Amino acid sequence: MLNNQSVIESGKKVLIGNYGRLPVAMVRGSGSRLWDADGRQYIDLFAGFGGAILGHCHPALIQAAAQQAATLWHVGNTFWTLPQIDVADRLGRLAFAGQTFFCQSGGEANEAACKLARLRGQSNGQNRYKIISLQKSFHGRTLAMLAATGNAKYREGFKPDVAGFVQVDGGDFDVLAAAVDADTCGILMEPIQGEGGVNLYPADYPARVRKLCNEKGLTLIFDEVWTGCGRTGKWFGHQHLTDSERKVVLPDIMTLGKAVGGGLPVGIMHARPELAALLTPGKHGSTLGANCICMAVTKAILEVIERDGLLANARLLGEHAVARIRDDAPAMAKISDIRGKGLFIGIEMKEAPKQLVEKGLAQGVVVNVTADKVVRLAPPINITKADLDEGLSRLIGVIRSL
Ligand SMILES: Cc1ncc(COP(=O)(O)O)c(C=O)c1O
């Protein structure tokens with residue numbers, strides 16, 4: 001009989017144990033609800049690490065995938081195909097003027113961005129290669145992105161580190177500026193740090209980093225794998241970052257993953273045209289990047305977010321969620337800080353909460369804990385207020401009981 005236990009037993013025999021899996025096998029999803037193999041229902045406040053930005057089995061995404069599946073799947077990138085052109089065109093309008101490269105994951109998008117930063121650093125007779133990133137950052141699991149990630153734990157056992165990456169404390173501009181030398185070609189940072197604990201920077205930091213990059217000819221890469229595609233209540237996380245004249249701080253390259261595929265494997269690098277032009281034929285590629293089904297779904301995600309006013313939903317429901325938690329005195333007695341933007345929320349606990357994720361599952365709510373004691377919420381941005389409230393009630397009950 002199919003149940004959680006039977007699925008787990010079969011999985012343990014055949015799957016590599018590289019994930020800390022929970023004792024639940026999910027078999028079905030609809031909107032912000034999930035069902036496990038024992039028939040138990042959950043409210044999903046984490047959306048599969050942010051991938052399921054429009055929840056589970058959204059009808060518009062099913063239709064887009066099915067229609068494209070019956071039309072054209074994959075021909076390879078030596079041919080022009082329409083769905084990727086549509087998505088790239090939208091990105092240029094929603095983010096900044098530029099050109100786009102597609103791959104399958106956030107880590108690969110960051111790899112492409114770092115290659116492009118090096119390509120610029122090694123143009124016109126220069127020989128610059130060093131990329132500076134920030135402590136507590138996360139940029140992916142490839143060997144180079146491990147080297148870029150500001151958390152040594154992920155690198156343990158994989159020596160030697162890929163050369164040319166250094167990390168400095170995030171938020172301290174002087175330390176960052178001091179780390180730039182004649183070899184530096186770029187700076188890589190998340191607009192809000194995700195895995196590091198939903199960390200925001202001092203208000204003037206991003207604009208100062210932008211100015212530094214302009215002065216030194218460095219490429220500024222914003223890793224928007226967590227913060228892109230509406231999660232924070234704006235299309236992209238960097239649109240919250242402004243300078244003293246309230247102008248948005250733009251990167252030279254933006255990378256996307258997770259939400260842009262809605263749960264399908266989509267990674268994106270979007271770069272200003274002058275940089276993009278350096279990637280001439282043969283310099284980079286991806287066999288399945290921009291496959292037509294993924295692109296049709298990405299296009300539908302962007303359309304639905306616009307059509308249904310989901311940026312406003314993320315903003316309003318994010319504020320509502322934070323207010324609800326703050327209003328609960330018994331839960332707040334266990335919490336030291338709540339931060340984030342839109343529906344990307346970190347609840348920092350005074351003490352590392354033991355088994356909080358498992359306790360949440362027992363109460364029918366899916367959440368995540370990162371950086372030891374930060375409970376992370378990232379529900380689908382089309383979650384209803386009723387579902388969010390129900391999920392929050394369950395979570396608050398768990399926090400109270402810690
Ligand atoms: C900010 C950030 N960048 C990159 C990645 C890597 O993305 P992927 O797992 O799709 O390679 C992640 C994954 O969590 C991330 O949070």
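Beyond its neighbours within four places in sequence, Ile347 is in contact (heavy atoms within 4.5 Å) with Ile325, Ile335, Asp337, Ile338, Lys373, Val374, Val375, Leu377 and Leu395. The model is predicted, with local features needing pLDDT of at least 70 and side-chain atom pairs counting only at pLDDT 80 or more, while totals for chains, interfaces and linings use all residues. Residues are numbered from 1 along each chain as its sequence is written, and side-chain values use heavy atoms, leaving out hydrogens and water.

Ile347 is also among the residues with the most contacts inside the largest nonpolar core, together with Leu54, Ile305 and Leu377; this core has 59 residues. Helix α9 (residues 292-307) supplies its largest share, 8 residues. A second, separate core of 22 residues includes Cys103, Ala148, Phe165 and Ile221. A nonpolar core is a set of buried Ala, Val, Leu, Ile, Met, Phe, Trp, Tyr and Cys residues joined through side-chain atoms within 4.5 Å, where buried means under 20% relative accessible area (1.4 Å probe, protein chains only).

The ligand has 13 residues around it, of which Gly106, Gly107, Asp223, Trp226 and Lys258 come nearest; a residue counts as near if one of its heavy atoms lies within 4 Å. Helix α4 (residues 106-121) gives the most to this shell, with 3 residues. The table lists polar contacts of the ligand, pairs of N or O atoms within 3.5 Å.

| Ligand atom | Protein partner | Distance |
|---|---|---|
| Oxygen | Gly106, polar backbone atom | 2.9 Å |
| Nitrogen | Phe138, polar backbone atom | 3.4 Å |
| Nitrogen | Asp223, side-chain N or O atom | 2.7 Å |

The protein covers 81% of the 400 Å² of accessible area that the ligand has on its own, by the Shrake-Rupley method with a 1.4 Å probe.

Conventions
Buried means under 20% relative accessible area, exposed over 50%, partly exposed in between (1.4 Å probe, protein chains only). Helices (H or I, at least four residues) and strands (E, at least two) are DSSP runs, numbered from the N terminus. A polar contact is a pair of N or O atoms within 3.5 Å; within protein, one must be able to donate a hydrogen and the other to accept it, and residues adjacent in sequence count only if both atoms are side-chain atoms.
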